[in-house]
Amino acid sequence: MRAALELCIVRIYSNRGKVIGAGCLVSQKHILTCAHVVADALNLPRNTVEMPDTLITLDFPLLAAKQHLKAKVVFWRPVNPDVEAEDIAGLELENSLPQM
């Protein structure tokens, strides 16, 4: 049986299909990641203030590699060099989780 930590690991893809970063599943439909990962995935400047509305492509590499899912950004605190608690993004899955 896989450890619960392995099951929460999310791999985030660029809009060109390249792995760009990681995130962590924190509920049945929510993922936390860094805002700069989302910005890089969407080819946006890392300090973009406005919350992106483009869907993010991701998968669960240790659970269902290459089974791509989509998520929308629902929380956005972009990179801000003047604030330590920034660079956070929350994603919400558009689909159900892969079967375990």
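This report walks through the core, the strand pairing, the salt bridges and the cysteines of a predicted model.

Some ground rules before we start. Because the model is predicted, local features need pLDDT of at least 70 and side-chain atom pairs count only at pLDDT 80 or more, while totals for chains, interfaces and linings use all residues. Residues are numbered from 1 along each chain as its sequence is written, and side-chain values use heavy atoms, with hydrogens and water left out.

**The core**

Let's begin on the inside. A nonpolar core here is a set of buried Ala, Val, Leu, Ile, Met, Phe, Trp, Tyr and Cys residues joined through side-chain atoms within 4.5 Å. Buried means under 20% relative accessible area, exposed means over 50%, and partly exposed is in between (1.4 Å probe, protein chains only). The largest such core has 24 residues, and the members touching the most others are Ile-12, Val-38, Leu-58, Phe-60, Leu-91 and Leu-93. Two or more residues each come from strand S1 (9-13), helix H2 (35-41), strand S4 (56-60), strand S5 (65-77) and strand S6 (88-93). H2 is the top contributor, with 5 residues. These elements are DSSP runs numbered from the N terminus: helices are H or I with at least four residues, strands are E with at least two.

Leu-93 is a good place to zoom in. Setting aside neighbours within four places in sequence, its contacts (heavy atoms within 4.5 Å) include Leu-25, Ile-31, Leu-58, Phe-60 and Leu-69.

**Strand S6 and its partners**

S6 is largely enclosed by the rest of the structure, because 5 of its 6 residues are buried. Two strands count as paired if DSSP finds at least two bridges between them. S3 (residues 30-33) runs antiparallel to S6, with 4 bridges joining them, and Ile-31 sits opposite Leu-91 there. S5 also pairs with S6 in the antiparallel sense, over 6 bridges; in S6, Ile-88 stands opposite Arg-77.

**Salt bridges**

A salt bridge needs a side-chain nitrogen of Lys or Arg within 4 Å of a carboxyl oxygen of Asp or Glu. The whole structure has 4 of them, including these:

| Pair | N to O distance |
|---|---|
| Arg-11 and Asp-59 | 2.8 Å |
| Asp-40 and Arg-46 | 2.6 Å |
| Lys-72 and Glu-92 | 3.7 Å |

Arg-11 in strand S1 and Asp-59 in strand S4 are 48 residues apart, so this pair links distant parts of the chain. Asp-59 counts as buried, at 0% relative accessibility. For the Asp-40 and Arg-46 pair, both ends are partly exposed: Asp-40 has a relative accessible area of 26%, and Arg-46 has 44%.

Back on S6, Glu-92 is buried at 19%, whereas Lys-72 is partly exposed at 34%. Lys-29 joins these two in a network of salt bridges.

**The cysteines**

How many disulfides does the structure hold? The count is 0, using a cut-off of two cysteine sulfur atoms within 2.5 Å. In general, a disulfide is a covalent bond between the sulfur atoms of two cysteines.

Why is Cys-24 not bonded to Cys-8? The sulfur of Cys-24 is 3.1 Å from that of Cys-8, its closest cysteine sulfur, and that is too far for a bond. As for their surroundings, Cys-8 is buried with a relative accessible area of 10%, while Cys-24 counts as partly exposed at 30%.
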